Amino acid sequence: MYQQTSNYLPSSEVIGSNNFLRQQLSELNETKLVDEISDEYLQFSRALTIHVGNGESVIFLKHPNLNPRDISTIAHEATHAALFLLKAVDIKTNKHTEELLAYLIEYISFRILKFIEDMNHEVEP
């Protein structure tokens, strides 16, 4: 169970169990969100992006690996976080801002993948 917070973007990645996610949200004083996330939803969901305000997102991943399915899930969740961040700073997505959106998705995805890679190296004997 791990958490990483960015120095550059208002987002965090949380990797671990459902209880770990709830603990991390509680520490962010997001008890309303903790109550809204049902055990049933988390049981069947591989990932979740929660917007906690001011453009900040928490991306929750259930014990991901660097396989194609998990990488595509990371891209999916990174898109949610990027769109929320743009909305928070009042940037609408259109043909003039699609490159900005693409760079944000790339950056958020990279951070998550790097975090998973670093986490996996910590676990190796």
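User: What does it take for a residue to count as buried?

Analyst: Buried means a relative accessible area under 20%, and exposed means over 50%. Keep in mind that what you're looking at is a predicted model. Here, 42% of the 125 residues of the protein count as buried.

User: Let's try one residue, then. Is Thr-49 buried or exposed?

Analyst: Go by the cut-off: under 20% is buried. Thr-49 has a relative accessible area of 12%, so it is buried.

User: Where does Thr-49 sit in the fold?

Analyst: To place a residue, find the element that holds it. Thr-49 belongs to strand β3, which covers residues 47-53. For the wider layout, the protein has 5 helices and 4 strands, and along the sequence they come in the order β-β-α-α-α-β-β-α-α.

User: Thr-49 has a polar side chain. Which side chain does it make a polar contact with?

Analyst: For a polar contact, look for N or O atoms within 3.5 Å of each other. The partner here is the side chain of Glu-77, at 2.5 Å from that of Thr-49.

User: And which residues further along the sequence does Thr-49 touch?

Analyst: Leave out residues up to four places away in sequence, and you get Ser-57, Val-58, Ile-59, Glu-77, His-80 and Ala-81. Across the protein, if you take contacts between residues at least 6 apart, 56% join residues at least 24 apart.

User: Which strand does β3 pair with, and in what sense?

Analyst: To read a pairing, look at the partner strand and its direction. β3 pairs with β4 in the antiparallel sense, over 6 bridges. In that pairing, His-51 stands opposite Ser-57 of β4. The hairpin has 2 residues between the strands, and Asn-54 takes a positive phi near 55 degrees there.

User: How many of the residues of β4 are buried?

Analyst: The count is 5 of 6, so β4 is largely enclosed by the rest of the structure.

User: Which elements build the largest nonpolar core?

Analyst: Start with the core's best-connected members. The largest nonpolar core has 16 residues, and those with the most contacts inside it are Ile-59, Leu-61, Ala-82, Ile-108, Ile-112 and Ile-116. The elements giving two or more residues to this core are β4 (56-61), α4 (68-88) and α5 (98-123). The largest share, 7 residues, comes from α5. Apart from this core lies another of 5 residues, including Leu-48, Ile-50, Val-52 and Phe-60.

User: Last one: how much surface does the protein expose?

Analyst: About 7700 Å², with carbon and sulfur atoms supplying 53% of it.

Definitions and conventions: Residues numbered from 1 in each chain as written. Predicted model: local features only at pLDDT ≥ 70, side-chain atom pairs only at ≥ 80, totals over all residues. Heavy atoms only, no water. Buried < 20%, exposed > 50% of the residue type's maximum accessible area, 1.4 Å probe, protein only. Polar contact = N/O pair within 3.5 Å; in protein donor to acceptor, adjacent residues only side chain to side chain. Contact = heavy atoms within 4.5 Å. Areas by Shrake-Rupley, 256 points an atom, 1.4 Å probe, with all protein chains shown as cover. Core = buried A, V, L, I, M, F, W, Y, C linked by side-chain atoms within 4.5 Å. Pairing = 2+ DSSP bridges.
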